[in-house]
Amino acid sequence: MKNNILSGRFILKLSLSFLAILLLAGIGYTVTSIYLSNKYFQETTQRLHSNLAQDLIDEKFKNEHPFDSTGAVNKALFGDLMHDMMAINRAIEVYLLDNEGHVQYSVVLDHDAPETKQKKVDLAPIKKFINEKGSHYTLGDDPKDLTKQTIFSAAHFNKEGHEGYVYIILAGKDFLATRSDLFNSYFMRLGLGGSILTLIFATLLGVLAIWYLTRSLRKIIYAAKRFQQGDLEYRIENAEKTDLANVASTYNHMADTILSDIEKIKSVDQLRQELIANISHDLRTPLSIIQGYIETLHMKDSELTAEERAEYLKTISRSSERLSKLISQLFEYSKLEANQIQPQKEPFLISELANDIHRNYMLLAEQKNIDLKLSMSQNTPLVFADISLVERAIQNLMDNALKFTPEGGKVTVKIESEYDHVEVIIKDSGPGIKKDNQALIFERYRQTKAGEQKEGAGLGLAIVKKIVEIHDSSIKVFSKPNEGTSFSFSLPVYAVG
């Protein structure tokens, strides 16, 4: 229900936005149409009457002079001109200008027109109009209101020492006012009618367009509902081909990630249960041994010989050491897994570390009658790593090799130098590991038994893997049943300078 409300709000907002755009577009269209229509009318009128001033000079000034003998304006001539204008075009206004643009006389049908004498008209547009012979749209000053400009026709005259310009306004004030009223009324009706029809059709088209454009959104909402209801496998089909390809693909990827995380959580929970069970078992075994032998010592202390008592104490000591080692491994692994241990890298000689480890394990190898060898190339370079963590990793691999190598067997530690890294290899002659089990041995609390069952917490190799990974490397295993096992990892060579 909530998703439907959200979807409805989105579609409503989309519809209102669409209508607002249409309204603004309609207003813009109407304003633009009025402006362009007005300009079209003016340009057409000016182009049609571009020669009107010159024709007036050719016809009226041919036989009569615009000025009388005293230099005054020939009003009779301009009176006849007014009658002709009224018969032809009542919108025309005629002005007689001197060479500086001052109005000498005007023929205007508007009796209430403001006085135009002594007013000065800008001659630049007039001269431009005459030079271009009226071929381009040009606006000039309106003598009645010099702040406004209008269309005109103009021509220069020079008759018997009198020189100036005939300046004809082609659309007078009264005409423009009447035309503006009619024009605005016409466009108001046209705009209103057109807007209503446009809104009706636009609304229908908008509804269809919104329905069409939001179909991908509806698919995403439907998929989200299915996912919310527990259908975790549902995905948007052909997500990359939808209108909202990025959103749909992102949703599918998100759903896959969530499903993968859920599976990981389930796996982690299962491993947690296994870990608790294994820890409980491994902790219970040494504790049971310790408790059993301590109870025996209490109950039969007087009956035991010195040798039996010493053997009991020795068993208790071994179980205590095993318990301590197990707890230490648990703490170490948990810190590594939680990224609480950060490697303190420094340059050091891996050859010296290998010699120390080899020397420390010689006694244990001799006790088990195992031949422990160390093989290194000369001039082994410095490596850049955390020496204590690397030592811990090699020790765990050595413990593992000695534990699974039978008496009379052989364990070899190799340090091989390459161009940019040093390879550390620990090889034993134990029973080997089946190929199917090789991927499992590095998992916590996973043990693969080969030959005689060996005791162990199952965390040694998991700790090695974590240590190697935080050094940006990986642990490799090569093994075949009854042919021994070889573990290896690499460390970067220290680059001087």
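Me: I have the model open. How many helices and strands does the protein chain have?

Reply: The protein chain has eleven helices and twelve strands. Keep in mind that this is a predicted model.

Me: Thanks! Before any single residue, what share of the chain counts as buried?

Reply: Of its 497 residues, 35% count as buried. The surface complements that figure: the protein chain exposes about 30,300 Å², and carbon and sulfur atoms supply 55% of this area.

Me: And how should I read the contacts by separation in sequence? What percentage comes from residues 24 or more positions apart?

Reply: Take the contacts in the protein chain with a separation of 6 or more; residues 24 or more positions apart account for 65% of them.

Me: Now to charged pairs. What is the general idea, and how many salt bridges does the structure hold?

Reply: Side chains of opposite charge can pair when their charged atoms come close. Here, the structure holds four salt bridges. Let's look at some of them, including one inside a helix.

Me: Which helix holds Glu43 and Arg47?

Reply: Both sit in helix H1, which covers residues 2-48. Glu43 and Arg47 are four residues apart, about one turn of the helix, and their side chains meet in a salt bridge with an N to O distance of 3.9 Å.

Me: Are those two buried or exposed?

Reply: In between: Glu43 is partly exposed at a relative accessible area of 30%, and Arg47 is partly exposed as well, at 45%.

Me: Next, Glu93. Which residue does its side chain meet in a salt bridge?

Reply: Its partner is Lys144, at 2.6 Å from N to O. Glu93 belongs to strand E1 (residues 93-98), while Lys144 is in the loop between strand E3 (139-142) and strand E4 (145-159), so the pair ties together parts that are 51 residues apart in sequence.

Me: Are Glu93 and Lys144 buried or exposed?

Reply: A residue counts as buried when its relative accessible area is under 20%. Glu93 has 4%, so Glu93 is buried. Lys144 has 9%, so Lys144 is buried too.

Me: One more, please. How far apart are the closest N and O atoms of Lys373 and Asp371?

Reply: They are 3.9 Å apart, and Lys373 forms a salt bridge with Asp371. For Lys373, the relative accessible area is 41%, which makes this residue partly exposed. Asp371 also counts as partly exposed, at 32% relative accessibility.

Me: So how would I sum up the burial of these pairs?

Reply: Glu93 and Lys144 are buried, whereas Lys373 and Asp371 are partly exposed, as are Glu43 and Arg47.

How values were computed
Residues numbered from 1 in each chain as written. Predicted model: local features only at pLDDT ≥ 70, side-chain atom pairs only at ≥ 80, totals over all residues. Heavy atoms only, no water. Helix = DSSP H or I, 4+ residues; strand = E, 2+ residues; numbered from the N terminus. Buried < 20%, exposed > 50% of the residue type's maximum accessible area, 1.4 Å probe, protein only. Contact = heavy atoms within 4.5 Å. Areas by Shrake-Rupley, 256 points an atom, 1.4 Å probe, with all protein chains shown as cover.
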